[in-house]
Amino acid sequence: MSITFLVIMFFVAVAAGFINVVSGGGGFLSISALLISGLPPANALATNKMQALGSSLTSGIYFLRHGRIDLKNNKWVFIATFFGAASGTIFVQFIDPSFLKKITSDINYRRDALFYFFA
C-alpha cells in the first residue's frame, strides 16, 4: 500500500465520520471507498461498522450521562438491537462476496441518484 492510498483513505474516513455525526449515512461513503480499494465486501462492512461503533458509543455515553436515555423503558429495544446486529453479522458471512458487492454497489448508485434528484 502506498502512502498516498493511506492518506486518501484517512480523509475518506474523516469525511464519513463527519457525515455520520451531522446527519448519518457516512457509511455509504466509507463502504464505497473500501470496496473500490479491493477489500472483500464482508470486510468492508465490518470495517464500516467498527468505524460507526466509535460514534455510536460516544453518543450513547453522552446521552446516558445527561439522563436522556431511559434504560428501564428501552431495555427490550437494546436487546433486540443486539440480537439483530449479531444475526446480521453472522448472516452476511454466508453471502457470496460477488453478490454482496453487486448489491452494495446497486444500493450506492440508487442512493446517489435519489440524492441528486432531491437535492
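Student: Leaving aside its neighbours within four places in sequence, with which residues is Asn48 in contact?

Tutor: In this predicted model, Asn48 has its place in helix H3, which spans residues 41-65. Once the neighbours within four places in sequence are set aside, the residues in contact with Asn48 are Gly27, Ser30, Ile31 and Leu34.

Student: Is Asn48 buried or exposed, and what is its relative accessible area?

Tutor: The cut-off for a buried residue is a relative accessible area under 20%. Asn48 falls below that cut-off and is therefore classed as buried, its relative accessible area being 6%.

Student: Which side chain does a polar contact join to that of Asn48, and at what distance?

Tutor: Ser30 is among the residues in contact with Asn48, and Ser30 is itself one of the buried residues of H2. The side chains of Asn48 and Ser30 are joined by a polar contact of 2.8 Å.

Student: How many of the residues of H2 are buried, and which are they?

Tutor: Helix H2 is largely enclosed by the rest of the structure, because 8 of its 11 residues are buried. Those buried in H2 are Gly26, Gly27, Ser30, Ile31, Ser32, Ala33, Leu34 and Leu35.

Student: Which helix supplies the largest share of the largest nonpolar core, and how many residues come from it?

Tutor: The largest nonpolar core consists of 7 residues, namely Met9, Val12, Ile31, Ala33, Leu34, Leu35 and Ala44. Helix H1 (3-22) and helix H2 (26-36) each contribute at least two residues to this core. The largest share, 4 residues, is that of H2.

Student: With which residues is Leu35 in contact, leaving aside its neighbours within four places in sequence?

Tutor: Leu35 is one of the members of the largest nonpolar core, as is Ala44. With the neighbours within four places in sequence left aside, Leu35 is in contact with Pro41, Ala44, Lys101 and Thr104.

Student: Which residue just after H2 takes a positive phi, and of about what value?

Tutor: Helix H2 covers residues 26-36. Just after H2, the residue with a positive phi is Gly38, at about 100°.

Student: What is the angle between the planes of Phe82 and Phe83 in their aromatic pair?

Tutor: The count of aromatic pairs comes to 3. Among them, Phe82 and Phe83 form an edge-to-face pair, 5.4 Å centre to centre. Phe82 counts as exposed at 55% relative accessibility, and Phe83 is exposed with a relative accessible area of 51%. Planes over 60 degrees apart count as edge-to-face, and for Phe82 and Phe83 the angle between the planes is 75°.

Technical notes:
Residues numbered from 1 in each chain as written. Predicted model: local features only at pLDDT ≥ 70, side-chain atom pairs only at ≥ 80, totals over all residues. Heavy atoms only, no water. Buried < 20%, exposed > 50% of the residue type's maximum accessible area, 1.4 Å probe, protein only. Polar contact = N/O pair within 3.5 Å; in protein donor to acceptor, adjacent residues only side chain to side chain. Contact = heavy atoms within 4.5 Å. Phe/Tyr/Trp six-rings, centres within 6.5 Å; stacked < 30°, edge-to-face > 60°. Core = buried A, V, L, I, M, F, W, Y, C linked by side-chain atoms within 4.5 Å.
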